[in-house]
Amino acid sequence: MTDQIREQMSALLDGELPRGEVDLLVRRMARDAELKRAFGNYVLAGESLRAPGGVMAGKGFAARVSAAIDAEESASPVAEQPAPSSAPSRWRRPLAATAVAASAALAAVLLVRPDSGDSQQFAERSGAPATVPVVTLPVGGASPTPAQNQRLAGYLVTHGQYATPIGRRAAWSNALATDPGIARVTYEPAEAR
Amino acid sequence: MRRGLVAIGCALIALATLPARAAGDDADDWLQRMTESLASLNYDGLFTHSSGAQSETMRIVHRVENGRSMERLVSLDGSGREIVRTPEEVHFYMPDRRVVLVEPRSDDGSLLRALPSPGPKLEALYTLSLRKGTRLLGRDVRVLDIKPRDGYRYGYRLWLDEQTAMPLRSEVVNGDGKAIEAIHFTRLEVGNRIGPRELEPAVDTAGFQWVRSGNRAEPRVAKGGWQVQRVPPGFRLVATRVQVVPGVPVPVHHLIFSDGFASVSVFIEPGPATGPAPPESATVGSANAFSTQVGGHVVTAVGEVPAATVRDIALSLAPIDVAASPAKPVSEPKNH
Amino acid sequence: MMPMANFPPSDGSTEPHEPRDDAARPGSGVEQSDLELVRRVQRGERGAFDLLVLRYQHKVVKLVARLLRDPTEAEDVAQEAFVKAYRALGSFRGDSAFYTWLYRIAVNTARNTMASRQRRPLDYEADLSESEQSAVESRMRHVDTPEAAALSEEIHSTVNSAIEALPEDLRTAIILREVEGLSYEEIAEAMDCPVGTVRSRIFRAREAIDRSLKPLLD
């Protein structure tokens, strides 16, 4: 019986619970600390799989948020909730300002000190195409430093401008990836055929 | 719904400015269609970018106005990095390093630039095939398989929406048929009106270092120039330009090699005196990089191709020996 | 032909519409799930907001910790962001994904916190030596105390071990879901099994992980 509820919770986490079952589950979870605890661990499992280590919310964070909201609400009681299709007047407080602040004054730093150099030429020499080598590049070894990462990321952005849209998507997504250059391959994703 | 009607109106306008869509139902046509859609439609979506065990949520916003495109790619989970492409510039925000890299936008504004051109050249290097796929995001999809004929390039598997040809899922596939990287949309709006705010970065750049291109000066590199020796089959040099790379005090040469679908960039910069030597090889997702030092310079090749390919291309560059008779200079293709 | 496309079909309008046949096809995606929870909060169910907090607490704390560059305050500021989100929820109409909206609130909250403290912006070149840079900016190792760092690592290795110990079908299912972001239907296609089996496998994988984590975190 509890298993069934917990399985529903798992499905809810994935957004795969039939809408008709959500109401009951949410209400059950609201009054069951153990269910909430398990739900929290389901979430933690996913986060840990995707981005191991690093900062995470401590135990009791969610409870603290709840308490903070309680404190605010008791300070100023809210009106009865009208039907959802009309203007939401439940919220007495003014809407939180979410306007994006304009960027502060920017310091443009020119790192380029143009040198008078010789003009260069690129000569293309036609030659026999290379045979197909089987090259195994060393995997692992020292991780790139942050400076190297930045350079690599910069290269990927520049490179992406010249790729096809799909290639650019790949190059730029990798430039944005949190920690380019460090291989953390643990699981091989199964192919979706 | 009201919003829907407004969106339809805008989408109709968007469609009216679309280039003539590829007719026909071949794999080639679908590839063409997909590239056109990516280049010319408005869209706003969330996707998961995964490679190996890592995955990250990202958002992409793409808007086309007056024939020029703007794009914003945001990492929602980790670094907070963003790339924003305005009509004039590309900004790469790296809040983790408190740096913004600024490059002038390099494409000439033509939306369909760098379309992979199906035809004998591409067919020599890749086989394309099409099949019906399972529904994704509640949409009917076709699966386009792009298989390389040799080990110098990667394959792609693309799940294209039947109606818009947008890739709802795309995988980069290695020689063993294994997906080494995947992009999978969890939400996608196509053809809607996109407000300017959606293309503004969420990063507060106060105190950041802005690294811009200076004047286009000639880089201080080897006298006598460089030559390109044997490159992997199918790849040819398609452009050379000068680039400012943040962290390198002088401009560098940027060469672009392409096989018609995949592209590899090579950056040539002065030797180690300018900073830490890049690692010999690095991999992030489907992108591989390889660096080598030649004649007092650092040559780095980067691209969404197998590691051996970037290695071969990087190693294919050699400084021209001034004393020897000069090789025929390449007839400069587009110089950006 | 309707050129506009929203995938999955947007549910966030305030106008009534025919509910889909949920017995045949449950709400597609975390997006939909979030929207449904939001609607319940808007109707007065506080419990639904708690679930949203549980779902996004780590992401928001992580995000804020990075923005503040001082992780000790991250939880307080993250808490403030969630409270703000709760207050502002009345104006959320589902035009964007809930997390996208929450993300913006968290970014702004962190930004305002820094502004109110009037931190002097770091003079990039002068203040950071190379070694300091590496120490400060190692990505996911940015934690507040050694204890927190140790716990975080322990959580990671516990989850890893639990996953390793799983039978292959459970392990594949949860990886496809959590790392690849596939839906149940897509996983069912990939694993060539019914959707109900996918749901059950993912659940059992999570239960196994929960059993491992419970002694660690209680």
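What follows is a walk through a few parts of this structure, from chain A to the sheet in chain B. Keep in mind that the model is predicted.

Let's start with chain A. Its secondary structure comes to 6 helices and 2 strands. Read from the N terminus, the order is α-α-α-α-β-β-α-α. Of the 193 residues in this chain, 39% are buried. If you look at contacts in chain A between residues at least 6 apart in sequence, 35% of them join residues at least 24 apart.

Now to a place where chain A meets chain C. Two packed helices are described by the angle between their axes and the distance between the axes. Here the axes of helix 1 (residues 2-13) of chain A and helix 10 (residues 195-217) of chain C come within 9 Å and cross at roughly 105°. An angle of 65 to 115 degrees counts as roughly perpendicular, and the two helices are therefore roughly perpendicular to each other. On the chain A side, Arg6(A), Glu7(A), Ser10(A) and Ala11(A) make the contact, while helix 10 of chain C brings Arg199(C), Ser200(C), Ile202(C), Phe203(C), Arg206(C) and Glu207(C). Sorted by character, the residues of this contact are 3 nonpolar, 2 polar and 5 charged.

Next, chain B, beginning with helix 2 (residues 27-40). A quick sanity check on its geometry: at 1.5 Å a residue, its 14 residues should span 20 Å, and the end C-alpha atoms are indeed 20 Å apart, so the two agree. This helix is mostly covered, with 10 of its 14 residues buried. The buried residues include Trp30(B), Leu31(B), Met34(B) and Leu38(B), but also Arg33(B) and Glu36(B). What covers them? Part of the cover comes from another chain, namely helix 6 (165-176) of chain A, and chain B itself adds strand 3 (68-75), strand 7 (126-132), strand 8 (141-148), strand 9 (155-161) and strand 10 (167-173).

Further along chain B there is an open sheet of 6 strands, in the order 14-15-16-19-18-17, with antiparallel pairing. Strand 14 (236-243) and strand 17 are the edges, each pairing on one side only. From one strand to the next, the twist averages 20°.

Follow the sheet inward from the strand 17 edge. Strand 17 (residues 281-284) of chain B sends Ser281(B) and Thr283(B) one way and Ala282(B) and Val284(B) the other way, and all are buried. Its neighbor is strand 18 (residues 287-294), which pairs with strand 17 in the antiparallel sense over 4 bridges; in this pairing, Thr283(B) has Asn288(B) as its bridge partner. The two strands form a hairpin with 2 residues between them, and Gly285(B) in the turn has a positive phi of about 60°. One step on, strand 18 joins strand 19 through 7 bridges, again antiparallel, and Thr292(B) stands opposite Val299(B) in strand 19.

Helix 4 (residues 307-315) of chain B packs on this sheet, touching strands 15, 16, 17, 18 and 19, and its direction makes about 25° with that of strand 18. Helix 4 is mostly covered too, with 7 of its 9 residues buried. Those residues are Ala308(B), Thr309(B), Val310(B), Arg311(B), Asp312(B), Ile313(B) and Ala314(B). They pack against strand 15 (252-258), strand 16 (263-270), strand 18, strand 19 (297-303) and strand 20 (317-319) of chain B.

Methods
Residues numbered from 1 in each chain as written. Chains lettered and ligands numbered in written order. Predicted model: local features only at pLDDT ≥ 70, side-chain atom pairs only at ≥ 80, totals over all residues. Axes fitted to C-alpha atoms, helices over the stretch in contact; angles between N-to-C directions. Parallel < 35°, antiparallel > 145°, perpendicular 65-115°, else oblique. Contact = placed C-beta atoms within 7 Å. Nonpolar A, V, L, I, M, F, W, Y, C, P; charged D, E, K, R; others polar. Buried ≥ 20, exposed ≤ 12 C-beta atoms within 10 Å, placed from the backbone. Pairing = 2+ DSSP bridges. Expected span 1.5 Å × (residues − 1).
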